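Dear colleague,

Please find below the structure that I am handing over to you. My notes on what was found in it follow directly after.

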Amino acid sequence: MAISVPLHQLTYSFFSNPQWKWCAKPSYSFSNNSQNNIRAIKASVETPPFPLFQNPKLEETPADGLEPADPDFYKIGYVRSMRAYGVEFKEGPDGFGVFASKDIEPRRRARLVMQIPLELMLTIRQKLPWMFFPDIVPLGHPIFDIINSTDPETDWDLRLACLLLYAFDQDDNFWQLYGDFLPNADECTSLLLATEEDLMELQDPNLASTMREQQKRAREFWEKNWHSGVPLKIKRLAHDPERFIWAVSIAQSRCINMQVRIGALVQDANMLIPYADMLNHSFQPNCFFHWRFKDRMLEVMVNAGQHVRRGEEMTVNYMHGQMNDMLMQRYGFSSPVNPWNVIQFSGDARIHLDSFLSVFNISGLPEEYYHNSKISSDEESFIDGAVIAAARTLPTWSDGDVPLVPSIERKAVKELQEECRQMLAEFPTTSKQDQKMLDSMKEPRRTLEAAIKYRLHRKLFIDKVIKALDIYQDRILF
Amino acid sequence: MATLSAAWMYQDRGLGPVDYSDDFITRKPNFNRFQTSFLGSFPTGILQTRFRLNNLLRRTSSVRRIKCEKNDELPEYVSVERPPYYSYFDSASGQLEPASGARASIPGEEYWPEGTASRVRAARAPEPTGESTGSPSYGKHPGSRRKKYKASVRARSSEVSVESSASLEPEVSEDATEDPKESSSEYVVYETESKAEGETEYELDKKLGRPHPFIDPKVRKPIEEPLSSEELWWNWRKSDKEQWSRWQRRRPDVETVFLKAMAETGQIKLYGEHPTLTETALYRARRHLFKEERLKAEQERLERIGPIAYYSEWVKAWKRDTSREAIQKHYEETGEDENTQLIEMFCHQTDREYRIMMGNDIRIKRDPLAMRLQEDQIKQIWGGDPVYPTVNYIQDPDEVIDYRGPDFHEPTPNMLDYLKEHGKVISREELEEILAKEKTEEVEMTDMDEAMAQAVDIGEKDEEGEDSDLDADADDEEEKITRNWSVLKSTPQLQKSKAKPKKDGPMSLEEAVDDSENLTDFLLDFDEED
C-alpha cells in the first residue's frame with residue numbers, strides 16, 4: 001500500500017502545509033487534450049507546427065517538482081488489462097503519487113478510478129494452507145519450503161518478501177517489469193534499512209528497539225534460509241542480506257491486507273498490488289479499495305460524494321487509528337497531523353471535553369472526530385488532525401450538564417501546558433533545530449530524513465497541543 | 001451573411017414580388033447558411049448537393065406559389081427527384097435510415113448483462129502513448145526506472161561502484177568457486193579459440209581450391225559399429241520424451257504397484273520391470289494363500305497353547321507362566337477360571353499395546369509393505385489428499401474389473417451338490433414327501449368335522465346332529481364364504497372341494513387346532529344358546 005517514500009507530505013495538504021496548496025493551472029502536456037486537438041507527446045516545448053493550433057506555454061518541470069511518470073509504467077499494466085480511468089501517475093522528489101487528471105463530480109455512487117487484475121498481484125493467504133494467487137510457486141520448489149517454515153501468525157512479511165524475490169526471478173512475471181519502479185534500497189524510507197545512527201536520531205527508544213528487533217529477525221531469517229549450502233535456485237533470489245531486507249521492507253510497507261473472496265472461499269490475504277500501492281496515505285482519504293470477485297480485480301474507487309478536482313492527489317487510509325510510531329514502524333513515514341497521536345499525560349489535570357470540542361468546532365463521536373466546517377464560519381487553518389488528536393488524548397472530563405468552572409479550567413490548562421513543555425524539554429533537540437537540520441542536509445539518506453521528520457512531527461504535535469490549549473483558554477469565556 | 005445571400009438570390013432570380021422573396025429568405029435561413037459559411041474546407045460532394053439544391057431553388061423560385069388562407073408554415077420541400085437509393089426516412093423513427101441492411105438498434109447500457117459495462121469501459125480506455133527512455137532490468141535492479149534514482153545515480157555513481165565492489169570482495173573470498181559464476185551477469189561466456197593465427201593445411205587447401213579430402217583428417221572420426229536395431233532411427237521404439245498426456249501412462253492398480261514395490265525391496269523377483277498379468281495373478285493368489293495359511297497357523301497356535309499364552313504376546317507386563325498347566329494350577333489354587341485369568345492379564349495391558357493388538361489405529365502401521373511403499377507409489381493406488389488432491393486418482397473408465405477370486409482356477413464345483421449341501425435345493429422325492437404331508441393334513445380335516453358332528457350327536461338325536469352337521473357345515477361354509485367371499489364366488493369349485501375333505505378319517509387335536517380359524521370353530525351348541 002504505501003509508499004515507503006514520504007510523498008504523503010503533499011497529501012495531507014488539506015490542512016497542514018500551505019506551501020503545498022494546489023494551484024489549478026494545468027501544466028503538463030498530457031493533460032491538455034481538451035484544449036488542443038494534437039496530443040503533445042513529448043514533454044519538452046517545441047515550435048508548434050501550425051499557427052492555428054497553439055500550445056499553451058508548457059513548463060518543463062512544474063513548480064512542485066511533479067513530473068509525469070515514465071510512460072512505460074502505465075503501459076506495462078495496460079497491456080495486461082489493468083486500467084486507470086481519469087488518473088495519472090506522477091513522480092516527485094519524494095516518490096510516486098496518483099493524481100486526478102480530470103474533475104470528478106460528487107456522485108452518490110463511488111467512482112472507479114483504477115482496476116488491477118489478480119494476475120498482476122502477489123497474493124498469499126494469511127492462514128494455513130498457504131494459497132498463492134496467482135499460483136506462481138511450483139510444486140517442489142525450495143522457496144515453498146522456506147515459506148512453509150515461517151510462523152503462520154506472525155511472519156507474513158517474510159513470506160511476502162520470499163514471494164516477491166521469487167517473482168523477480170521468474171521469467172515472465174509482471175513484477176520483473178514493475179520492480180523497476182519500486183523504491184530501491186537507497187530510496188526506501190522503511191526503518192528496516194536504517195542504520196544505527198538513524199535509529200538514534202529517532203529519539204524514541206521504544207521504536208528504535210522495535211526496529212532493531214525487526215532488523216535482527218529479518219537478518220536471522222535470511223541467514224537461516226540462505227546459508228551457503230542452499231541450492232542456486234534460492235541463492236540467486238537474494239545474494240546478500242541487504243536485498244532480502246529490502247524485500248521485507250517493501251513487503252511490509254506496500255502490503256495490503258484485505259478479505260477477498262476468490263471462487264467461493266473468503267480469505268484474509270496479504271496482497272502486493274502493483275499500481276494500487278503507489279497511492280499515498282492520508283487521514284482524510286479520497287479513495288478506498290474494493291475487491292470485485294467476479295473478475296478478480298481490485299478496484300480503487302473514489303469515495304461517494306467526493307468532489308475531486310483535477311490534479312488532486314488520490315489517497316487511501318493505510319491504517320486506521322494508529323499512532324505515528326506504528327505508521328513509522330510499518331510504512332516508514334510519519335505525520336504531524338495524525339489524528340490518532342497519543343501523549344501520555346500524568347497528573348490529575350483535566351479539561352472540559354465539551355467546551356474544548358466546541359471551541360474548535362469538532363463534532364462527531366470520539367472514534368470519528370472531525371472538524372465541522374459548517375459551524376465555523378471563519379477560515380480556520382489552525383485546526384487539523386493534530387487538534388483532533390489533542391481532543392482525544394488530552395485528559396478530559398465531561399459530566400452531562402455540569403458547567404465548567406473557568407478558574408479550574410485555566411489551572412488545568414496551565415498544568416497540561418507545563419507538562420507538554422517538560423516533554424519538549426526532555427528531547428535533546430527542539431523542533432526548530434530539527435527543521436534547520438533537515439533544511440541544511442542536502443541529499444540525506446532517506447531513512448535519516450524520515451527519522452528526523454518523525455521526531456520533528458512529534459515535537460510539532462506537542463507544540464500544537466500547547467497552542468490549542470492556549471486558544472482554548474482564550475475562548476473559554478467566549 | 002444573410003444579406004449577402006439575399007443579394008445573391010436577387011441577382012439570380014431577377015425581379016419577383018417582394019413579399020415572396022421575403023418569405024423565401026426568411027423561412028429558409030438554413031439553406032443560406034449551408035451555402036456560404038464553409039469556404040475552402042468543405043468536401044466537394046456536399047458542395048455539389050448544395051449547388052444542386054441551389055439550382056432547384058432557382059428553378060422553382062420562378063413558379064408562383066399558391067398562398068393558402070390560413071397562412072401556415074411552408075410544407076417540407078418536396079423534390080421531384082427520387083431520394084437516393086441508399087437511404088430513406090424510417091417510418092417508425094422519422095430518422096434517415098439506410099435502405100438495406102439496417103440493423104436493430106443496440107440496447108443501451110441499462111440492458112447490458114452485468115460486467116459488460118466494465119469490460120466496455122476497459123476496452124474503451126485510451127492506450128497510453130509515450131515512449132520510455134529506460135529499459136526494464138527484469139528484476140535485477142529494482143528502482144532503476146525511477147527518475148530520482150537516475151538523478152542520484154549520476155551524482156553518486158562513484159560511491160555506488162565503490163560500495164558494490166567492497167561488498168563483492170568479502171563474498172568472493174568466502175566461496176571462490178561459486179561466486180564468480182553468480183555475481184557476474186550469470187551468462188556463461190564461451191571462449192572460442194581464434195583461428196586467425198593458425199590454419200591447417202586442409203583449410204589452406206580448401207581455401208586455395210586445391211584437391212583435398214572431404215573431411216578434415218584431423219577432425220575426422222573413425223567409422224563406428226553399425227547401430228543396432230534399437231538405435232536405428234527408423235525403427236519403431238518408444239519415444240524417450242514424456243508422453244504428451246499423463247493419461248497415457250500405465251494405469252496403476254493395487255496389485256501391480258504392490259508387486260513393483262515388492263520387487264524393489266527384493267521380496268519377489270519379476271521378469272521385467274513391470275509385472276505381467278500372469279505374474280500379477282500368480283502373486284495375488286500366492287499372497288492370498290499365504291494369508292490363509294498364516295491365519296490358519298495362528299488359529300491353530302491359539303488352540304494349541306491356549307488363549308492366555310496367545311494373547312500374552314501383546315501384554316508385555318504379564319511375566320507369569322502362561323502354559324496350560326500353570327493355568328490349571330492357578331485355577332485349582334484360586335478358583336479363577338481361564339476367562340478370569342485372561343481378564344486379569346488384560347488389565348495389565350497398556351493402551352498402545354491394545355491398539356496394536358486390535359490393529360484399528362491408523363497411526364500404527366500394520367502392513368510392512370505399505371510402510372515401505374514410497375509416497376508416489378501410495379499416491380498411485382490410493383490417491384493423494386482427498387480434500388486438496390494433488391494427484392489424479394486415475395481410473396480407466398473402460399476397465400473391466402476382475403472379481404474372480406484367487407481360487408478361480410480351481411475345478412468348477414458341482415453346483416448341484418454344492419446347493420444341496422447348503423440346503424438351497426432339495427430332491428424331488430423330498431419335495432413330494434413334503435407335498436404329500438401337506439395333502440394328508442387336508443385329508444384329516446374331514447375327520448375332524450365328523451368328529452365334531454359326532455360330538456354333537458351325543459347330546460341330541462340324528463336330526464339335530466344332521467342339523468348341526470349341516471349347520472356346522474353351513475356355518476363353516478358361511479364363514480369360509482365370508483372370509484373368502486370373492487374367491488369363492490369366482491371359483492365355484494372351491495365349495496365343492498371343501499366338502500370333500502370332511503368325509504375322511506378323524507383328525508388329531510393339534511390338527512384340529514391348526515385347522516380351525518379360531519375357537520369359535522369349536523362352538524357347536526348353537527341351538528342351545530339360541
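In chain B, in which helix is confidence lowest, and in which helix is it highest? The model is a predicted one, and the answer for chain B is that confidence is lowest in helix H7 (residues 179-183), with a mean of 44, and highest in helix H12 (residues 338-346), at 92. Chain B as a whole has a mean pLDDT of 69, and 49% of its residues reach 70 or more. Two stretches of this chain call for separate mention. Residues 1-47 of chain B have a pLDDT below 50, and beyond near neighbours in sequence this stretch has 30 contacts in the model. Residues 156-184 of chain B also stay under 50, with 14 contacts beyond four places in sequence.

For chain A, the average pLDDT is 85, and 86% of the residues score at least 70. Within chain A, confidence is lowest in helix H1 (residues 8-11), where the mean is 44, and highest in strand S13 (residues 315-316), at 96. Over residues 1-51 of chain A the pLDDT is below 50, and this stretch has 123 contacts in the model beyond near neighbours in sequence. For the complex, the predictor gives an ipTM of 0.72 and a pTM of 0.51.

I turn next to the interface. In the model, 35 residues of chain B are in contact with 46 residues of chain A. The two chains bury about 3600 Å² between them, and 47% of that area is on carbon and sulfur atoms. Which three residues supply more of the area that chain B buries against chain A than any other three? They are Arg145(B), Arg146(B) and Lys147(B), with 21% of that area.

As for polar interactions, there are 3 salt bridges between chain B and chain A. Lys294(A) forms a salt bridge with Glu114(B), and the closest N and O atoms of this pair are 3.0 Å apart. Across the interface, 20 residue pairs are in polar contact, with both residues at pLDDT 80 or more. On the side of chain B that touches chain A, helix H5 (116-124) and helix H6 (147-174) of chain B each supply at least two residues. The largest share of that side, 5 residues, comes from H6(B). By class, the side of chain B that touches chain A has 9 nonpolar, 11 polar and 15 charged residues.

Some contacts within chain A may also be of interest to you. Over all chains, the count is 30 salt bridges. In one salt bridge, the side chains of Asp157(A) and Arg217(A) meet at 2.8 Å, N to O. Asp157(A) lies in helix H4 (residues 156-169) of chain A and Arg217(A) in helix H7 (residues 205-225) of chain A, so this pair ties together parts that are 60 residues apart in sequence.

Aromatic pairs come to 26 over all chains. Why is the pair of Phe96(A) and Phe181(A) edge-to-face? The ring centres of Phe96(A) and Phe181(A) are 6.3 Å apart and the planes stand at 85 degrees, so the pair is edge-to-face; planes over 60 degrees apart count as such. Phe96(A) is in strand S4 (residues 95-100) of chain A, whereas Phe181(A) is in the loop between helix H5 (174-178) and helix H6 (196-201) of chain A, so that the pair links distant parts of the chain, 85 residues apart.

Finally, there are points of backbone geometry in chain A. Most residues other than glycine have a negative phi, and most peptide bonds are trans. The peptide bond from Leu128(A) to Pro129(A) is cis, with omega near -10 degrees, and Pro129(A) lies in the loop between strand S6 (122-125) and strand S7 (132-133) of chain A. A cis peptide bond also joins Phe133(A) and Pro134(A), with omega about -10 degrees. Pro134(A) is in the loop between S7 and helix H3 (142-148) of chain A. Ser81(A), although not a glycine, has a positive phi of about 60 degrees; its place is in the loop between helix H2 (71-79) and strand S2 (83-84) of chain A.

With kind regards

Note on methods: Residues numbered from 1 in each chain as written. Chains lettered and ligands numbered in written order. Heavy atoms only, no water. pLDDT = per-residue confidence, 0-100. Helix = DSSP H or I, 4+ residues; strand = E, 2+ residues; numbered from the N terminus. Contact = heavy atoms within 4.5 Å. Buried area = accessible area lost by both parts, 1.4 Å probe. Salt bridge = Lys/Arg side-chain N within 4 Å of Asp/Glu carboxyl O. Polar contact = N/O pair within 3.5 Å; in protein donor to acceptor, adjacent residues only side chain to side chain. Nonpolar A, V, L, I, M, F, W, Y, C, P; charged D, E, K, R; others polar. Phe/Tyr/Trp six-rings, centres within 6.5 Å; stacked < 30°, edge-to-face > 60°.
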